[in-house]
Structures are given as C-alpha cells and as structure tokens.
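Q: Got a minute to go through this structure with me? I'd like to take it piece by piece.

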Amino acid sequence: MDDRVAGALSLPDDWPAHPDLSLALNRMGSFDWDLDSGLMHMDEPALQVFDLSAEEYDDRPESLSLWIPAEEGTRLDAMVSLALKGGRDNYGAYFRRKRRDGSLRWTHTQGFIRRDGEGRPRRIIGIVRDATQELADSADRRTVDEERRRRTSLVQSTTAALAHARTVKDVTDMLKNSRGLAHLGATSLVMGLLEGSRIHLVADGPEGAYVAGTRFTRVDEPYPMGEVIRTLKPRFIESAEDFASSYPILWPDISHLGITSAAYLPLIAQARPIGALGLLYGDREGFSGDERNLLIALGSSIAQSLQRAMLYEQEHDLAEGLQQAMLPRRIPEVAGAQVAVRYRSARLGQDIGGDWYDIIPLPGGRVGAVIGDVQGHDTHAAAVMGQLRIVLRAYAAEGHRPATVVARASVFLHELDTDRFATCSYAEVDPDTGVVQLVRAGHVDPLVRDVDGSCRTLPSEGGLPLGLSAEFGELDYPVSTIDLDPGQTMILYTDGLVELPGADFGQGMRLLRSLVRDGPQDLQQLADRLCEVVDERGGQDDVAVLLMRRDAAHASHPGGRLQQHVAQNDPEALTSCRRMIRAAVRAWGAKERADEVELAADELVTNALMHTDGGAIVTIRVLTGPERRLRVDVEDRSSALPRRREAGESGVSGRGLMLVDLLADVWGVEARGGGKCVWCEFAVVERR
C-alpha cells in the first residue's frame with residue numbers, strides 16, 4: 001500500500017490484525033477490513049486463495065471484483081450490508097471466484113463485525129478458504145446454488161425496492177402488490193403499526209385478504225400480530241391446523257384464503273417494537289432454520305425502512321407546518337396592480353426548504369415585493385427563512401431605501417447563529433408611476449412579460465448573497481430602476497423554476513421565457529402553469545414565484561403624491577429621484593412637460609444639497625381645482641431663504657432659480673419650522 005495513502009487515513013492502532021498460526025496451517029487466509037477508511041488487508045494465505053501476489057493487491061476490496069463474477073459480488077455486497085444494518089455480529093457465505101485460466105472455484109468466507117460503543121460498525125475481521133472440494137458433491141452444490149439464488153433474489157429485490165421508499169405508504173404499496181408478494185414468496189400479507197396500545201392495520205393484500213373489524217386491534221387481543229409485539233419474538237405457524245388451534249377467533253375469517261402456513265414477525269427498530277408483519281403462504285408447510293433466519297432478517301430490514309419512513313413523515317409534517325407558519329397567510333391587495341404568488345415544495349430531503357415570497361405595503365401606495373431562497377432543504381432552512389422574512393418586512397416598513405433594507409438583512413443573517421446564506425431580490429414598486437427600484441443579492445434576474453406576450457430578462461447589477469456580503473464587507477448594494485408600463489408583468493422567482501435535470505442554466509432560462517410567452521394571460525393561471533411544468537419535468541428543488549402586473553386601466557387618483565429623501569453625497573439617490581419624477585409626470589398625464597418638471601426639480605434639489613447642511617425631501621403631487629396643476633416641493637433644514645441672482649458671463653452658479661423661473665408657471669418659498677420649502681408648479685392639460 002502507498003505510504004502516503006496510509007498516512008492520510010486514520011486506521012486503528014492494531015490494524016491489520018495478526019491471525020492465529022493455526023489458520024494458515026488449515027489453509028485459511030485472513031482479512032482485516034477497516035470500514036472507515038475502506039482499506040482491507042489480506043494476509044499471504046488469503047491472497048493465495050485468490051491466486052494473487054502481494055504486488056497485485058492494493059489493500060482495496062474493489063480490486064477483487066476482477067476475480068469475482070458480477071452476480072456473486074452483488075450477492076456478497078447485499079449479505080454484508082444486511083449484516084451491518086441488521087445489528088448482527090457475523091456473517092458467512094459460499095461464493096465462486098475466477099482463476100487466471102478462467103475456471104471457477106468455490107470459496108467460503110466468514111466475517112466478524114466489530115462495533116463501537118454506539119453500535120456503529122467500524123471493522124470486519126474474517127477468514128477466506130477454498131471450499132471447492134467441500135462442495136464437490138453435485139447434490140450439495142445444487143443445494144447451495146439453489147439457496148444462494150433464493151437468498152439473492154429475496155434479499156436483493158426486497159432491499160432494492162425498499163431503498164426507494166420514503167413514506168409509510170411507499171413501503172406498504174411495495175409490500176402488498178403482487179410483485180412485492182412474489183419477492184417475499186407469500187400469497188398474502190398483513191402489516192400493522194403500533195399506535196399506543198393499539199395496532200393499526202396499514203397494509204393487507206391482495207384484495208379480499210382484509211378481515212372486517214381488524215383495522216384497529218388491541219395489543220392484548222388474541223391475534224398473532226399482538227402476540228409477536230407483546231413477546232418481541234416471531235411466530236411461525238407450521239400448518240392450517242396449527243393456525244386454527246392457535247387463533248380460533250381469526251381462523252374462521254381467513255380459512256377461505258387457503259392458508260397452509262404463516263410467519264408473523266415483530267418489526268423492531270432501535271430496540272422497540274413499531275409494528276408487526278404477517279406473511280401467509282398457500283403452497284407450503286413448515287419453515288426450515290435457514291428460512292426462519294432469512295425471514296427474521298427481512299423483518300429487520302422492513303422495520304428499518306418503516307422507521308425511516310415514519311421519521312421522514314414526522315419531520316416533513318413539522319417542516320411543512322413551520323414553513324406554512326413562516327410564509328404570509330395572505331397577500332394584500334395592491335391598488336393598481338395584480339399579484340399572484342405560488343410555492344411548490346421540493347421533491348428531495350424533507351420536501352421543505354427556505355424559498356419564500358412576500359408583499360409588503362409601504363406608504364404612498366407603494367409595495368415591496370420580495371423573493372428569496374435560504375440555502376438547504378430542512379427545518380433549519382425554513383426557520384432561517386421565517387426570520388429573514390420578518391426582518392426584511394420590518395426594515396422596509398421603517399422607510400429605508402431598498403439598498404439599505406437588503407444590506408441590513410445581510411448583517412442580520414451574518415450575526416444569526418447559522419452557517420446558512422440566502423439569495424434575495426427586493427423590489428420597491430410604485431404602481432402609480434410604474435417605477436421599480438430593484439436590489440439583487442446573489443439572486444437570479446427577474447423577467448418582464450410585455451403586453452404582447454413577449455418575455456425578456458431584466459439584467460440588473462447585483463451584490464453578494466445575504467450573509468456573505470456582510471462577512472466580506474460588501475454591503476453597498478447597487479439599485480436598478482425599472483419602468484413598468486401599464487399591462488407589463490414583473491416575474492420574480494427562485495432558481496428551482498429554471499433548474500432542469502441534466503441541463504444547464506441557460507436551457508432552463510430559455511424554457512422559462514417560452515413558458516411565460518406562451519402561457520395563459522390570466523395571472524393566476526400563469527402562476528399555476530409555471531409550477532405544473534416544474535412537476536412535469538421532474539424538478540427536484542423547491543420553487544417560489546411572485547408575479548406582479550401593473551393594471552393597464554389603472555389611473556392615478558387626482559391627488560397623487562410621491563415623496564423621496566435625497567441625502568447629501570448620494571448620487572444614486574439623486575438619480576433615483578429623477579427617475580421617480582419623470583415616471584410620475586408620465587403616469588399623471590403630463591408627459592409633454594416631463595422634461596421641464598424634471599429639470600426644474602433637479603435644480604431645486606441641487607441647490608438644497610449644495611447650500612444646506614442636510615439632505616432634501618422631494619415631494620411631487622397633483623393639485624386639483626379650476627386648473628389641474630403639478631407641484632414639486634423641495635424641503636431642507638436651512639432657514640436661509642434662497643435668492644435669485646445674476647450668474648454673469650463666466651459664473652458657474654446662480655442660474656438655478658433663473659432656470660426654475662423660466663420653466664415653471666409659478667414658484668415660491670415657504671418657511672417650514674426649522675427649515676424651508678422651495679416649490680414650483682406646472683399647469684397640465686386635464687386628461688380625458
């Protein structure tokens with residue numbers, strides 16, 4: 001073995017074990033298999049059994065597969081796995097091996113399993129020997145072959161089928177159908193699970209095997225399932241006469257099934273009974289010792305599968321209840337927009353994850369739209385998701401700008417006692433103007449569906465996922481401003497919607513765009529269709545979807561009003577303010593004066609930022625009366641009143657109020673407590 005490999009692995013101090021000299025004298029080889037590292041040492045006699053030299057063997061059991069036929073290897077693997085999982089301390093088997101000339105010889109192996117203090121298998125020490133002469137008699141060989149095939153078929157087929165069972169229903173469906181019964185060699189089957197002091201019959205098959213009144217029975221009633229649960233010992237019923245005399249209450253109800261023998265097995269997991277299994281036969285009487293041992297081992301395997309399924313269902317129910325409690329109970333109506341949300345659970349793990357959506361009402365008719373995905377698929381992911389949803393909602397409701405909301409959520413997640421991160425998109429939407437301020441934290445780009453049905457991606461600059469941006473000090477999230485026209489639909493979603501088994505991300509995005517383009521016009525139907533396609537293509541991740549469509553028929557109310565704070569030394573806020581003003585003017589039917597209003601407002605804001613110590617609050621609103629007017633207010637904390645002055649030929653300042661005077665129909669200044677408000681108004685044509 002390579003010394004570097006040995007040094008990199010943690011092996012027991014006494015590995016490999018030193019065999020007794022008597023083994024070699026009896027032509028037996030020995031092996032020491034360390035299950036943690038996967039290395040299996042074989043001594044010289046063991047290598048001779050396989051016709052190998054020390055240079056040809058690398059201490060890895062996989063290298064022996066060249067000398068063991070595939071079907072023999074599969075049977076050995078299943079037998080060892082069954083012994084390890086069933087809590088046994090030894091196993092033994094006959095198998096055939098290939099020689100260099102291609103001929104086959106019989107070999108016998110026996111292994112002794114060493115477990116740690118918690119019962120976990122750590123090591124197997126055993127022997128191998130040539131058994132060709134021992135099985136030379138043809139009758140003995142046929143018996144061994146027949147037993148080997150039966151054991152292989154029964155163990156492999158049942159174990160393989162149960163390996164795919166995730167729920168109790170999966171286990172019972174596999175066992176009670178005709179194929180499952182064939183695997184077990186039985187003609188009918190019953191299985192009950194222990195619920196307190198009662199046994200709940202959860203499987204019976206085939207049709208007609210159910211006995212009325214036995215759906216629930218007490219453990220202390222004189223039925224075979226109750227007996228094996230009470231005694232924790234299997235009950236093998238050798239004949240119909242044995243059945244009739246042992247269980248006179250049950251026999252009259254099942255005698256018509258033609259039962260000639262039966263095996264009732266307690267289903268025990270972690271040293272406690274969880275139920276009982278009954279296998280009924282119509283073509284045999286009695287059970288040999290090997291058959292009894294085999295059925296007991298199968299009962300143990302079935303019990304382990306049932307326990308996994310029961311624990312899975314309990315955890316899933318808990319996680320599902322937790323996530324339902326964390327997701328919004330209802331989505332508020334949004335004036336001027338339609339909203340559709342969907343959540344589809346994963347198909348792996350606990351069928352639960354950290355995907356979420358939210359709609360947050362904000363002042364002035366605006367809303368916050370959130371879509372996010374916490375790493376992982378378990379109850380912890382759901383719990384982290386719930387906390388993130390709450391803090392995002394709280395930060396948004398406090399009036400923070402979108403970039404600040406996301407940055408603070410990232411700091412919160414970083415300081416939380418978790419190693420999870422999350423991706424997120426937060427969009428602050430004003431349905432009146434169609435202005436959307438979007439912040440992405442490692443999340444996928446949103447889509448927009450146009451009125452004509454065409455669909456396009458909205459590329460936007462993004463930052464690191466929540467948690468990671470705080471860890472690396474990258475909290476300056478860029479804000480992308482989007483104009484959502486009447487009738488357009490914004491689509492926020494998690495990556496489970498575009499992940500395709502065996503395909504790349506680009507293919508998934510192309511499929512999603514085509515689904516949106518060709519999907520139903522109705523928003524709720526479109527959301528349903530997107531989740532249905534994920535199920536149809538076998539998507540294995542959870543999915544959250546949020547669709548928001550700006551109403552085509554929505555008109556701003558006559559007294560429409562928008563407000564934004566612009567801090568000093570914040571060019572991004574100034575740019576966002578300009579976008580807000582331009583969008584508001586268009587939405588309120590004054591498109592022909594949009595340039596004038598934007599330029600005048602920009603001058604007033606710039607003056608406030610240059611000549612005062614604080615920021616400015618910009619408000620744009622519609623005034624109704626004999627003449628419909630649009631008004632812009634810019635408030636600051638300085639009581640010094642602005643004055644109009646000539647800039648001169650080379651002046652770089654002093655032109656602001658002159659420009660406002662030329663553009664606006666009227667303007668003025670008002671004192672406001674410890675500050676002032678500079679305003680200007682524009683007459684707009686009444687909309688028809």
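Q: How far is the sulfur of Cys680 from the closest cysteine sulfur?
A: The distance is 9.5 Å, and the closest sulfur is in Cys677. That is too far for a bond. Keep in mind that this is a predicted model.

Q: What would the bond be?
A: A disulfide is a covalent bond between the sulfur atoms of two cysteines.

Q: How many disulfides does the structure hold?
A: It holds 0 disulfides.

Q: Is Cys680 buried or exposed?
A: Cys680 is buried, because its relative accessibility is 0% and buried means under 20%.

Q: And Cys424, buried or exposed?
A: Cys424 has 1% relative accessibility, so it counts as buried too.

Q: New topic: helices. What span should α18 have?
A: Helix α18 covers residues 594-611, which is 18 residues. At 1.5 Å a residue, they should span 26 Å. The end C-alpha atoms are 26 Å apart, so the two values agree.

Q: Which residues of α18 are buried?
A: Among them are Ala594, Val597, Glu598, Ala600, Ala601 and Asp602. Leu604, Val605, Ala608 and Leu609 are buried as well.

Q: What do those pack against?
A: The buried residues of α18 pack against two helices, α17 (571-587) and α19 (656-663). They also pack against strands β22 (561-566), β23 (616-623), β24 (629-636) and β26 (675-683).

Q: Where does α17 lie?
A: α17 lies across β16 (435-441) and β19. It runs at about 5° to β19.

Q: Which sheet has β16 and β19 in it?
A: An open sheet of 5 strands, in the order β13-β14-β15-β16-β19. The pairing is antiparallel.

Q: Which strands stand at the edges?
A: β13 (354-361) and β19 (480-483) do. Each has a single partner strand, so one side of each is left without a neighbour in the sheet. From one strand to the next, the twist averages 15°.

Q: How many bridges join β13 and β14?
A: They pair over 8 bridges, in the antiparallel sense. Strand β14 is residues 367-374. Within this pair, Asp358 stands opposite Val370 in β14.

Q: Back to helices. What about the span of α15?
A: α15 has 14 residues, 505-518, so at 1.5 Å a residue it should span 20 Å. Its end C-alpha atoms are 20 Å apart, which agrees.

Q: Which residues are buried there, in α15?
A: Gly508, Met509, Leu512, Ser514, Leu515 and Val516 are buried in α15. Their cover includes β17 (447-449), β18 (455-457), β20 (489-493) and α16 (523-536).

How values were computed. Residues numbered from 1 in each chain as written. Predicted model: local features only at pLDDT ≥ 70, side-chain atom pairs only at ≥ 80, totals over all residues. Heavy atoms only, no water. Helix = DSSP H or I, 4+ residues; strand = E, 2+ residues; numbered from the N terminus. Expected span 1.5 Å × (residues − 1). Buried < 20%, exposed > 50% of the residue type's maximum accessible area, 1.4 Å probe, protein only. Contact = heavy atoms within 4.5 Å. Pairing = 2+ DSSP bridges. Axes fitted to C-alpha atoms, helices over the stretch in contact; angles between N-to-C directions. Disulfide = S-S within 2.5 Å.
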